[in-house]
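Student: I have the model open in front of me. Please show me how to read its features, one at a time.

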Amino acid sequence: MELWRDKIRKIEPYVPGEQPEGKDIIKLNTNESPYPPSPMVKKAIEEYNCENLRLYPSFVCKGLKAVLMDTYNVSQDEIFLGNGSDEVLALSFMTFFNSDRAVLFPDITYSFYDVWCSLYSIPYRRIPLDNSFRIVKEDYFGENGGVVIANPNAPTGIYMGLESIEEIIENNRDCIVIIDEAYIDFGGRSAAELIHKYDNFVVVQTYSKSRALAGIRVGYAMADKKLIEAMETVKNSFNSYTLNSLSQIIAEASAKDREYFNKCCGNIISTRKWTVDRLSELGFDTLPSSANFIFTTNKSIDAKTLFEYLREQNIIVRYFNKPRIDQYLRITIGTREQMEKLIEALRRY
Ligand SMILES: *Cc1c(COP(=O)(O)O)cnc(C)c1O
């Protein structure tokens, strides 16, 4: 008999996309980059002095912060670094969402948001996207305990302009608005500049998608320094050394290679267009994407059946068995060759 059973926490966790072991698999299910990280990363690892691993990592993370400061025109005390943006987001929920009022986010969005709310007992309300899967900004005005929006949104890929973001922030000056910009580098404009204008605004980004570094787990938030300070106090009450030494070195080396970064993002954007056009010829309707994935549906083919067929062809995409989106597939943009194989498989079907 498990006498301890009713004393332990029960929670419905976030379910990440699978990470298959097989070799010949075309993996288009978790929005990783199909390209390797910058060659500068390899060089930085080779030159790294392993002796350093004896010590705890720097928690100032000076080198990495310096490139971010330069890229986004922010100062050192306006940046918070963490072990993947999932951790940064989890810590921001813990830090900023502390009222009895509901935190608002779309009904169709990153499915980690409601998990963190449950974990921290934060009340929340899901606001339906409109019929074309767009965010209706006015729905986020008025009393609430905070707002979190992924922009571009996931899994729709739809981007909302900065003017709308700014209106949402302006109409919520008594709470914190978080914009999760995991996919911002594939066609959107970052809202980072707004952190100097509004002290109730947090923007979160990651190295996992556009930087091709999901494996090192680096993410960051940018906000007014009072908000960053609040996040630091929460982090230091949990785990002071979240960002390991090697990840810092690798992220810094990658951030410095802007040319390679722009080239990879550009390739993905053009492959995205190519894929959407081919899908359209095959009768698919695809939402307008500003991300490194597309969300697509076909009136005459059941999405789950198609998902399973592709799996048999060793092509893994993402299927969500959820209301409103159970006839859609989310497909990560891979290399041009990978997308040609996908289209070929769909043609055969
Ligand atoms: C991938 C993703 C993240 C998390 O990325 P990390 O790998 O933890 O940095 C956060 N938000 C959204 C919307 C994502 O798709």
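Student: Where do we start, and which glutamate does K137 pair with?

Tutor: With E138: K137 and E138 form a salt bridge, their closest N and O atoms 3.8 Å apart. A salt bridge here is a side-chain nitrogen of Lys or Arg within 4 Å of a carboxyl oxygen of Asp or Glu. Before going on, note that this is a predicted model, where local features need pLDDT of at least 70, side-chain atom pairs count only at pLDDT 80 or more, and totals for chains, interfaces and linings use all residues. Residues are numbered from 1 along each chain as its sequence is written, and side-chain values use heavy atoms, leaving out hydrogens and water.

Student: What is the general idea behind such pairs?

Tutor: Side chains of opposite charge can pair when their charged atoms come close. By the rule above, the count comes to 24 salt bridges.

Student: Is E138 buried or exposed?

Tutor: Neither: E138 counts as partly exposed because its relative accessibility is 44%. Buried means under 20% relative accessible area, exposed over 50%, and partly exposed in between (1.4 Å probe, protein chains only).

Student: How far apart are the closest N and O atoms of R189 and E193?

Tutor: They are 2.8 Å apart, and the two residues form a salt bridge. R189 is partly exposed at 49%, and E193 is partly exposed at 43%.

Student: What does the spacing of E281 and R278 in their helix tell me?

Tutor: They sit three residues apart in helix α8 (residues 258-281), so about one helical turn separates them. Helices (H or I, at least four residues) and strands (E, at least two) are DSSP runs, numbered from the N terminus. The side chains of E281 and R278 meet in a salt bridge, 3.0 Å from N to O. E281 counts as exposed, at 53% relative accessibility. Elsewhere, salt bridges with shared partners join K137, E138 and E167 into one network.

Student: Which side chain of opposite charge is nearest to E87?

Tutor: K235, but it is 7.3 Å away; E87 is buried and has no salt bridge. For charge, Lys and Arg count as positive and Asp and Glu as negative, while His and the chain ends are not counted. E87 lies in helix α3 (residues 85-96). Leaving aside residues up to four places away in sequence, E87 touches G82 and T242. Contact means heavy atoms within 4.5 Å.

Student: How do I read a helix pair, and at what angle do α2 and α7 cross?

Tutor: Axes are lines fitted to C-alpha atoms, for helices over the stretch in contact, and angles run from 0 to 180 degrees between N-to-C directions. Helix α2 (residues 62-72) and helix α7 (residues 245-256) cross at roughly 25 degrees, and their axes come within 8 Å. They are therefore roughly parallel. Angles under 35 degrees count as roughly parallel, over 145 as roughly antiparallel, 65 to 115 as roughly perpendicular and the rest as oblique. On the α2 side, the contact is made by G63, L64 and V67.

Student: Which backbone features should I look for?

Tutor: Most residues other than glycine have a negative phi, and most peptide bonds are trans. Here, a cis peptide bond joins N151 and P152, with omega about -5 degrees. The bond from A154 to P155 is cis too, with omega near 5 degrees. P152 lies in the loop between β5 (146-150) and α5 (162-170), and P155 is found in the loop between β5 and α5. N31 has a positive phi, near 60 degrees, and counts as buried at 1% relative accessibility.
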